[in-house]
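Here are a few exercises to work through with the structure at hand. Try each task yourself before you read its solution.

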Amino acid sequence: MIQIENDAKIINKRIDQNFKRLINTRYQINVVFNHYSKTFNFLMYVAHPKKRSRSIPLHTVETDDLVYLESLIKRIKAHTQLTITYTGFVGEKWPSDLQPIQKTSAIGDDTQYLKEKKRGN
């Protein structure tokens, strides 16, 4: 439990450092599931119409435990109202309510991963 509080504190601190509240700027948090290294990467996406958009690394969590991730996300949502998006979670469900984690809306979202997963079975 101490580690999850530590991870949440690091991520929330870095969100605060990078959230500048600039006019016409879109901020969102992206959580990426790296299946190969079994980690969750937290990034802040910043987009301004007249500047190059960028993705700022916030923190990497060294686990692939979805229960841990769900608890960590709850702590981040309690701290910020920024939108959180998920990448690499196609087919994964939240442990608490079995809802899909990643909404697949765009054509081609993680299709390469899905093909690799099917081949591996």
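**Exercise 1. Work out the order of helices and strands along the sequence of this predicted model, then describe the protein as a whole.**

Solution. Begin at the N terminus and read along the sequence: the pattern is α-β-β-β-α-β-α. Counting the elements gives three helices and four strands. Next, turn to burial: of the 121 residues in the protein, 38% are buried. The exposed surface comes to about 8200 Å², with carbon and sulfur atoms supplying 51% of it. Finally, take the contacts with a separation of 6 or more: residues 24 or more positions apart account for 48% of them.

**Exercise 2. Describe how helix α1 and helix α2 cross, and say which residues make the contact.**

Solution. A reminder to start with: two packed helices are described by the angle between their axes and the distance between the axes. Here α1 spans residues 2-18 and α2 spans residues 66-79; their axes come within 10 Å and cross at roughly 40°. That angle makes α1 oblique to α2, because the roughly parallel class holds angles under 35 degrees and the roughly perpendicular class runs from 65 to 115. As for handedness, α1 passes α2 in a right-handed crossing. From α1, the contact is made by Gln-3, Ile-4, Glu-5, Asp-7, Ala-8, Ile-11, Asn-12, Ile-15 and Asp-16. From α2, the partners are Tyr-68, Ser-71, Leu-72, Arg-75, Ile-76 and His-79. Sort the residues of this contact by type and you get seven nonpolar, four polar and four charged.

**Exercise 3. Find the contacts of Asn-41 beyond its neighbours within four places in sequence.**

Solution. First locate Asn-41: it lies in strand β2, residues 39-47. Setting those sequence neighbours aside, Asn-41 is in contact with Asn-30, Val-31, Val-32, Asn-34, His-59 and Thr-60. Now look at one of these partners, Asn-30: it is 11 residues from Asn-41 in sequence, and their C-alpha atoms are 8.1 Å apart.

**Exercise 4. Where do Arg-21 and Lys-38 lie, and are they buried, partly exposed or exposed?**

Solution. Keep the backbone in mind here: most residues other than glycine have a negative phi. Arg-21 has a positive phi, near 60°, and sits in the loop between α1 and β1 (26-34). With a relative accessible area of 66%, Arg-21 counts as exposed, since the cut-off for that class is over 50%. Lys-38 also has a positive phi, near 55°, and is found in the loop between β1 and β2. Its relative accessible area is 47%, so Lys-38 is partly exposed.

Note on methods: Residues numbered from 1 in each chain as written. Predicted model: local features only at pLDDT ≥ 70, side-chain atom pairs only at ≥ 80, totals over all residues. Heavy atoms only, no water. Axes fitted to C-alpha atoms, helices over the stretch in contact; angles between N-to-C directions. Helix = DSSP H or I, 4+ residues; strand = E, 2+ residues; numbered from the N terminus. Parallel < 35°, antiparallel > 145°, perpendicular 65-115°, else oblique. Left-handed = near helix turned anticlockwise from the far one by under 90°. Contact = heavy atoms within 4.5 Å. Nonpolar A, V, L, I, M, F, W, Y, C, P; charged D, E, K, R; others polar. Buried < 20%, exposed > 50% of the residue type's maximum accessible area, 1.4 Å probe, protein only. Areas by Shrake-Rupley, 256 points an atom, 1.4 Å probe, with all protein chains shown as cover.
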